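Here's a quick tour of one model, starting from a single side chain and working outward. Have a look first, then read on.

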Amino acid sequence: MDNEATEEREHVTVVVLGDLGRSPRMNYHALSLSQEGFEVNLIGFSGTKPQIEILSDEHITLTYMRPAPEFLSVFPKLLAYILKVLWQAVVLFFTLATCPCSEKLLLQNPPGVPAMPVCWLYCFITRTKFYVDWHNYGYTILTLSLRPNHPLVSVYRWTERIFGKLAHGGLCVTKAMKVDLEQNWGIKKVTVLYDRPAARFSPLTTEEKHEFLMKLSGTYNCFSSSSPDKNVFTERYADGRVAECEDRPALLISSTSWTEDEDFSILFHALEDYERVRTEFPEHYPPLIVAVTGKGPMKAYYTSLIAEQHWVHVEVITPWMSAEDYPKLLASADLGVCLHYSSSGLDLPMKVVDMFGCGIPVAAIEYQALPELVHHNENGLIFKTKEELANLLQDWFRGFPKETEIKETYYDFYKSLEEFRKLKWHPCWTCNALPLFKDEIIDKKSLTIQ
């Protein structure tokens, strides 16, 4: 790298008090900043491997912080949380203080405690401009495990409110959140920047699907076939042509964090009901393979519960995919399911954005801000209860795959998704986020459309 050229580039620090590899939006910020001529220091915890574009960008430096020691977990839950916050505060401040100085700092929230006060203090001392990217409210996530009037929830909420107002500006993920920040928090210097899929989240050709599914068939028996160069979904013929199998099963995909804000029992019930109708009417419904990706505390419970069911027509796998293979799995699916129920009602699920980028419709559980992304019967389906999801799955896959190919509704879905994919992350970012880092006034007509 040319050191003189690096010195000429303005420095920006991007902070995530979490796993950098599981923070795609902040990764996208870093890539866009680099593309626009900034030198970026991306700070967070190690864990999941970041996407290859981050690792190969010479203008992005990854700085990993030391996680809290595991022995803290032996203390009572409340004390362990306080000690962890204190540890993170010291480590984060020390990390910022020992990194090269930057002109601006962008922090992901949540988690905002202790990141917001620590980053504000650092910026105050070094005269660095402090910006917050609001993904959600941390205090609402805390209410999932504590009662709403718990003292810690109040402390968290006031911390977000006070230091959010002290920031020089910020971004947020929905119009509903921007309105809430302005009206209820008094935070007015915030611009909406919708999530958009990265370039790797795009549809696959039948040939590309075949290659990927053949790879999966070597790991999962439900994908494999006894014939060479064939899996249960696609087949390569002697003349080299690849086609989908006429009697193929349907592939359903769901990405979950296996936490309290994503109630997997809703999907479990829908699959249970699908098993029943497939048993009763095998000529109308295909077998169903369900891939549920992600990691989280409730994964072991539900995987054991599913194993106890001994379903015949529904097969559930729980793979952990690499950053390179995850988009391919999405693009190979026939329908996505999103169980994300926003703790605040004001954020949007990134997983739906990724699925849309791969060209697959999504059935998503309803909450306040969701219509800013998912439009019922246009680019996806919205449900409220487990019974509604069960009915949606049965309606969607009835007659699959032959009858579904000629349904006019399906054509409208895919046409809407094609329009969605035309608007990419970086053009949206340059209109809505770049002015923050260029010290420009953001035009009220900035590109915040979906």
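## Starting at Y302

Keep in mind that this is a predicted model. Y302 counts as buried because its relative accessibility is just 8%, and the cut-off for buried is under 20%. You'll find Y302 in helix 11, which covers residues 299–307.

So who does Y302 touch, beyond its neighbours within four places in sequence? The contacts are W258, D263, F264 and S265. L204, on the other hand, is 98 residues from Y302 in sequence, and the two C-alpha atoms sit 31 Å apart.

## Two nonpolar cores

The largest nonpolar core has 106 residues, and the members touching the most others are L92, L96, L105, W134, L181 and F223. Helix 5 (residues 115–126) gives this core its largest share, with six residues. There's also a second, separate core of 36 residues; W258, L252, A270 and W311 are among them. W258 is also one of the contacts of Y302.

W134 is worth a click. Leaving out residues up to four places away in sequence, W134 touches a long list, including M116, L171, V173, M177, L181, W185, I187 and V190. Polar and charged partners turn up too, among them N109 and E160.

## A nonpolar patch outside

In soluble globular proteins, nonpolar side chains tend to be buried together. Here, though, F71, V74, F75 and L79 make a nonpolar patch on the surface, together offering about 400 Å² of accessible area.

Is F71 buried or exposed? F71 is exposed, because its relative accessible area is 52% and the cut-off is over 50%. F71 lies in the loop that runs between strand 3 (60–64) and helix 4 (77–98).

Technical notes
Residues are numbered from 1 along each chain as its sequence is written. This is a predicted model: local features need pLDDT of at least 70, side-chain atom pairs count only at pLDDT 80 or more; totals for chains, interfaces and linings use all residues. Side-chain values use heavy atoms; hydrogens and water are left out. Patches are made of residues with over 30% relative accessible area and no salt bridge: like charges are joined within 9 Å, nonpolar side chains (Val, Leu, Ile, Met, Phe, Trp, Tyr) within 5 Å. Accessible areas come from the Shrake-Rupley method with a 1.4 Å probe; for residues, only the protein chains shown count as cover. A salt bridge is a side-chain nitrogen of Lys or Arg within 4 Å of a carboxyl oxygen of Asp or Glu. Helices (H or I, at least four residues) and strands (E, at least two) are DSSP runs, numbered from the N terminus. Buried means under 20% relative accessible area, exposed over 50%, partly exposed in between (1.4 Å probe, protein chains only). Contact means heavy atoms within 4.5 Å. A nonpolar core is a set of buried Ala, Val, Leu, Ile, Met, Phe, Trp, Tyr and Cys residues joined through side-chain atoms within 4.5 Å.
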